[in-house]
Amino acid sequence: MKIVVDRSRCQGYGMCESFSPEIFELDGDGELVLRTEEVPEGAADDVQTAVMSCPTEALSLES
Ligand code: SF4
């Protein structure tokens, strides 16, 4: 499963980072950095929660 970010929607709110900090990180400028695009085994539940938490619907998952 792969994480897709719509950069035009991301506003740097950081909800994703709070639910899944091992994957999502905001850099010093508030830009979202993906530590990996591929969802690691065992992280799917946290990543799905993070995707659903995004207030601007900037995140989606591709299988
Ligand atoms: S929660 Fe959404 S808007 Fe906020 S940093 Fe994550 S992807 Fe961007």
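Q: Why is the contact between R9 and D6 called a salt bridge?
A: In this predicted model, the side chains of R9 and D6 meet at 3.6 Å, N to O. A salt bridge requires a side-chain nitrogen of Lys or Arg within 4 Å of a carboxyl oxygen of Asp or Glu. The value of 3.6 Å satisfies that limit, and therefore the pair of R9 and D6 is a salt bridge.

Q: Why are R9 and D6 described as partly exposed?
A: R9 has a relative accessible area of 40%, and D6 has one of 30%. Buried means under 20% and exposed means over 50%, with partly exposed in between. Both values fall in between, so R9 and D6 are partly exposed.

Q: How many salt bridges does the structure hold?
A: The structure holds three salt bridges. The pair of R9 and D6 is one of them.

Q: What makes E37 and K2 a salt bridge?
A: The closest N and O atoms of E37 and K2 are 3.9 Å apart. The limit is 4 Å, so this pair also qualifies.

Q: Why does the pair of E37 and K2 tie together parts that are apart in sequence?
A: K2 belongs to strand β1 (residues 2-5), while E37 is in the loop between β3 (32-34) and α2 (44-53), so the salt bridge joins parts 35 residues apart in sequence. E37 is partly exposed at 44% relative accessibility, and K2 is partly exposed at 31%.

Q: How do you know that E25 and R35 form a salt bridge?
A: Their closest N and O atoms are 3.6 Å apart, and this value meets the 4 Å limit. The pair links distant parts of the chain, with E25 in strand β2 (residues 24-26) and R35 in the loop between β3 and α2, 10 residues apart. E25 has 29% relative accessibility and counts as partly exposed.

Q: What makes F19 accessible enough to belong to a nonpolar surface patch?
A: Residues of a patch need over 30% relative accessible area, and F19 has 37%, so F19 passes this cut-off. F19 is found in helix α1 (residues 15-19). Together, Y13, M15 and F19 make a nonpolar surface patch of about 310 Å².

Q: Which residues lie nearest the centre of the largest cavity?
A: They are C10, Y13, G14, C16 and C54, and the lining has 14 residues. The volume of this cavity is about 90 Å³. The structure holds one cavity of 30 Å³ or more.

Q: What classes of residue make up the lining of the largest cavity?
A: The lining has 10 nonpolar and four polar residues, and no charged residues. Among the residues nearest the centre, C10 counts as nonpolar because Cys is in that class, whereas G14 counts as polar because Gly is in the polar class.

Q: Why is E57 called exposed, whereas E62 is called partly exposed?
A: E57 has a relative accessible area of 61%, which is over 50%, so E57 is exposed. E62 has 43%, which lies between 20% and 50%, so E62 is partly exposed. E57 lies in the loop between α2 and β4, and E62 is found in strand β4 (residues 59-62).

Q: What is the phi of E57, and how far apart are E62 and E38?
A: E57 has a positive phi of about 55° although it is not a glycine. E62 and E38 are 24 residues apart in sequence and 9.6 Å apart in space, C-alpha to C-alpha.

Methods
Residues are numbered from 1 along each chain as its sequence is written. This is a predicted model: local features need pLDDT of at least 70, side-chain atom pairs count only at pLDDT 80 or more; totals for chains, interfaces and linings use all residues. Side-chain values use heavy atoms; hydrogens and water are left out. Helices (H or I, at least four residues) and strands (E, at least two) are DSSP runs, numbered from the N terminus. Buried means under 20% relative accessible area, exposed over 50%, partly exposed in between (1.4 Å probe, protein chains only). Patches are made of residues with over 30% relative accessible area and no salt bridge: like charges are joined within 9 Å, nonpolar side chains (Val, Leu, Ile, Met, Phe, Trp, Tyr) within 5 Å. Accessible areas come from the Shrake-Rupley method with a 1.4 Å probe; for residues, only the protein chains shown count as cover. On a 1 Å grid over the protein atoms alone, a cavity is a set of points where a 1.4 Å probe fits but cannot get out, and a pocket is an open set with protein on both sides within 12 Å along at least five of seven lines; lining residues have an atom within 4 Å of a point. Grid points are joined across faces, edges and corners, and a volume is the space filled by probe spheres set on the points.
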